[in-house]
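I opened this entry to keep track of what I looked up. The topics are pockets, a sheet, ring pairs and backbone angles.

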Amino acid sequence: LTIVDTDGSGNSRSLAPELDIRGTADWSADGKWIVVSGTLVGKDGTSQGIFKVPVDASGPPVLLAEGLISHPVWSPGGSTIHYAGRDDGGIAQLMALREGSPPTELYAQMSAVVGNHRFIPDGTGVVFVQGTLRSPEFWLLDLRTGQTRQLTRISGQSSLGDIRGFDISSDGKHIIFDRVSENSDVVLIKRSR
């Protein structure tokens, strides 16, 4: 976990070198913490789960939830952390965590291959990926009603590929995503004898 200055100076510093990070990291609303998933190797043994790490390195990482967990994301107001809790069969359950309370299952199952999810700017919904490996679609979970609805119908398009990561534009109108697709050409090469 490394913080790099954005002024182009190239200055960087490592945070929590004892953490083996897995998946994405996210900033708290006040900018004082980073939440990550991973494995902590310490003098008391090994812990796996979600950790919050102080940006000023004023203390050790704090374990928030244990288990095979990935892609924690802080809500815009900072009141909850949502993450992907692994399930068997390539499905990740969207979970919510408030400090001091047990984790809560939300009514959304995501593709464990992508796993990450993003809040819409006003914090009332979460966009996630659902579907099979070769035909993923974007869905929205309305946090007020618990209802989900499909946002895209892109899997019928040729060469969609596998979605690896995505984000939501600051105005909430666009999903920006990257994908990996396999394109192969069969070519006949004639050799002279």
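**Pockets**

I began with the largest pocket, which has a volume of about 280 Å³. The model is a predicted one, and I kept that in mind throughout.

I listed the lining of the largest pocket and got 16 residues. Asp26, Val73, Trp74, Pro76 and Phe119 are the ones nearest the centre of this pocket. I then sorted the lining by class and found 10 nonpolar, three polar and three charged residues.

Which elements supply at least two residues of this lining? I noted E3, strand E7 (69–74), strand E11 (117–119) and strand E15 (162–168). E3 gives the largest share, three residues.

I went on to the second largest pocket, with a volume of about 190 Å³. I wrote down its lining as Glu18, Leu40, Val41, Gly42, Lys43, Asp44, Gly45, Thr46, Ser47, Pro60 and Pro61. E4 and strand E5 (45–54) are the elements that give two or more residues to this lining. By class, I have four nonpolar, four polar and three charged residues here.

**Sheet**

E3, E4 and E5 had come up in the pocket linings, and I looked up their sheet next. I found an open sheet of four strands in the order E3-E4-E5-E6, with antiparallel pairing. Strand E3 (19–27) and strand E6 (62–66) are at the edges with a single partner strand each, so each has one side without a neighbour in the sheet. On average, and ignoring direction, neighbouring strands of this sheet are turned by 30° against each other.

I took one pairing in detail. E3 pairs with strand E4 (residues 33–42) over six bridges, in the antiparallel sense. What stands opposite aspartate 20 in E4? I found threonine 39 there.

**Ring pairs**

For this part I needed two quantities: a pair of aromatic rings is described by the distance of the centres and the angle of the planes. I counted two aromatic pairs. In one of them, phenylalanine 138 and phenylalanine 166 have ring centres 5.1 Å apart and planes at 75°, and because planes over 60 degrees apart count as edge-to-face, I logged the pair as such.

I placed phenylalanine 138 in strand E13 (residues 135–142) and phenylalanine 166 in strand E15, so the pair ties together parts that are 28 residues apart in sequence. Strand E15 was already in my notes for the lining of the largest pocket.

Are these two rings' residues buried or exposed? Phenylalanine 138 has 1% relative accessibility and counts as buried. Phenylalanine 166 also counts as buried, at 6% relative accessibility. I noted as well that ring pairs link Phe138, Phe166 and Phe177 into a cluster.

**Backbone angles**

I ended with phi values, since most residues other than glycine have a negative phi. I recorded alanine 16 with a positive phi of about 45°. I found alanine 16 in the loop between strand E2 (12–14) and E3. Alanine 16 has a relative accessible area of 12%, and because the cut-off for buried is under 20%, I entered alanine 16 as buried.

I also recorded alanine 57, where phi is positive and near 55°. Where does alanine 57 sit? I located alanine 57 in the loop between E5 and E6, which are both strands of the sheet above. Alanine 57 has 53% relative accessibility, and because exposed means over 50%, I entered alanine 57 as exposed.

Notes. Residues are numbered from 1 along each chain as its sequence is written. This is a predicted model: local features need pLDDT of at least 70, side-chain atom pairs count only at pLDDT 80 or more; totals for chains, interfaces and linings use all residues. Side-chain values use heavy atoms; hydrogens and water are left out. Two strands pair if DSSP finds at least two bridges between them. Axes are lines fitted to C-alpha atoms, for helices over the stretch in contact, and angles run from 0 to 180 degrees between N-to-C directions. On a 1 Å grid over the protein atoms alone, a cavity is a set of points where a 1.4 Å probe fits but cannot get out, and a pocket is an open set with protein on both sides within 12 Å along at least five of seven lines; lining residues have an atom within 4 Å of a point. Grid points are joined across faces, edges and corners, and a volume is the space filled by probe spheres set on the points. Ala, Val, Leu, Ile, Met, Phe, Trp, Tyr, Cys and Pro count as nonpolar, Asp, Glu, Lys and Arg as charged, and the others, Gly among them, as polar. Rings of Phe, Tyr and Trp (its six-membered ring) pair if their centres lie within 6.5 Å; planes under 30 degrees apart count as stacked, over 60 as edge-to-face and the rest as tilted. Buried means under 20% relative accessible area, exposed over 50%, partly exposed in between (1.4 Å probe, protein chains only).
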